[in-house]
Amino acid sequence: MKKFTIIAGLFFLFAMSSAAQLSFYLIDNFEDGTFSKWFVFDRVQPKIIMPPSVDKKDLIAESCGEYALQLKGSTTDWYVGGIGTNLTVDANEYSRLQLDMFGSPYGGKVKIELYEDDNGNSIIEQDESNNWSATKDDIWFVELPILGEGYTRFSIPFSAFKDANPGVGDDKFNPDKMNNSGGLLRVQLVFVADQKEGEIEAVLDNVLLTY
Ligand SMILES: [Ca+2]
Ligand SMILES: [Ca+2]
Ligand SMILES: [Ca+2]
Ligand SMILES: [Ca+2]
């Protein structure tokens with residue numbers, strides 16, 4: 001009986017660890033038909049749409065399900081606006097941020113920002129008078145191009161993100177839940193046009209953390 005318990009216990013541990021290896025953390029795939037998890041800022045206009053269809057067999061298109069999020073906007077000075085979502089997740093268990101994007105002829109780029117809690121209070125302290133900059137916690141960023149019409153899967157290793165605020169936070173990428181930290185607190189996408197007076201358009205889907 002005792003032997004059986006140990007074997008069963010070992011099997012359970014093995015099952016647990018392989019399940020953990022295969023899992024991912026879904027931030028949003030928009031399959032609830034809303035973008036209610038996201039806040040929107042400045043001149044980005046979000047809209048839930050059916051994912052654009054493509055002529056050829058496309059595994060990314062097939063993984064987009066019924067709904068995706070279209071983001072459009074225009075600017076007279078490069079910056080358009082963006083969207084963000086608040087989380088409290090131990091992102092140390094993962095190593096990449098992945099997202100699918102259908103681009104447009106306008107081009108432009110999207111800056112992805114990860115906010116992580118460095119002073120153990122699950123709050124992002126921000127300075128309203130200084131462009132909402134974080135005062136206690138790290139922000140990490142990477143820039144992606146908005147490619148032409150067609151699906152692109154971006155799978156970005158955390159190691160590609162740069163510290164947006166050297167000297168603020170602890171300047172270490174540690175979105176874990178050690179010392180009461182809330183871990184990864186926010187993911188934000190900020191859109192910038194290709195021209196000073198320009199437009200952006202992109203369709204976003206399957207935003208997740210993975211290995
Ligand atoms: Ca979807
Ligand atoms: Ca904090
Ligand atoms: Ca920093
Ligand atoms: Ca940090």
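What percentage of the 211 residues in the chain is buried? In this predicted model, buried residues make up 28% of the chain, which holds two helices and 14 strands. Among the contacts that join residues at least 6 apart in sequence, 80% link residues that are at least 24 apart.

A good place to begin looking is one of the sheets, which is open and is formed by six strands in the order 2-5-13-7-10-12, with antiparallel pairing. Strand 2 (39-42) and strand 12 (162-163) stand at its edges, and because each has a single partner strand, one side of each is left without a neighbour in the sheet. In general, the strands of a sheet pair through backbone hydrogen bonds, in either a parallel or an antiparallel manner. Within this sheet, strand 7 (residues 109-116) runs antiparallel to strand 13 (residues 184-192), and eight bridges join the two; one of the residues to look for is Lys109, whose bridge partner in strand 13 is Val192.

From the sheet we can turn to the nonpolar residues. The largest nonpolar core has 37 residues, and the members that touch the most others are Phe191, Ala202 and Leu204. Two or more residues come to this core from each of strand 4 (68-75), strand 5 (79-89), strand 6 (96-102), strand 7, strand 10 (138-145), strand 13 and strand 14 (198-210). Leaving aside residues up to four places away in sequence, Leu204 touches Ala68, Leu69, Leu71, Leu99 and Met101. As a general tendency, nonpolar side chains in soluble globular proteins are buried together.

Note on methods
Residues are numbered from 1 along each chain as its sequence is written. Chains are lettered from A and ligands numbered from 1 in the order in which they are written. This is a predicted model: local features need pLDDT of at least 70, side-chain atom pairs count only at pLDDT 80 or more; totals for chains, interfaces and linings use all residues. Two strands pair if DSSP finds at least two bridges between them. Helices (H or I, at least four residues) and strands (E, at least two) are DSSP runs, numbered from the N terminus. A residue is buried if 20 or more other C-beta atoms lie within 10 Å of its own, exposed if 12 or fewer, and partly exposed in between; C-beta atoms are placed from the backbone. Two residues are in contact if their C-beta atoms, placed from the backbone, lie within 7 Å. A nonpolar core is a set of buried Ala, Val, Leu, Ile, Met, Phe, Trp, Tyr and Cys residues joined through C-beta atoms within 7 Å.
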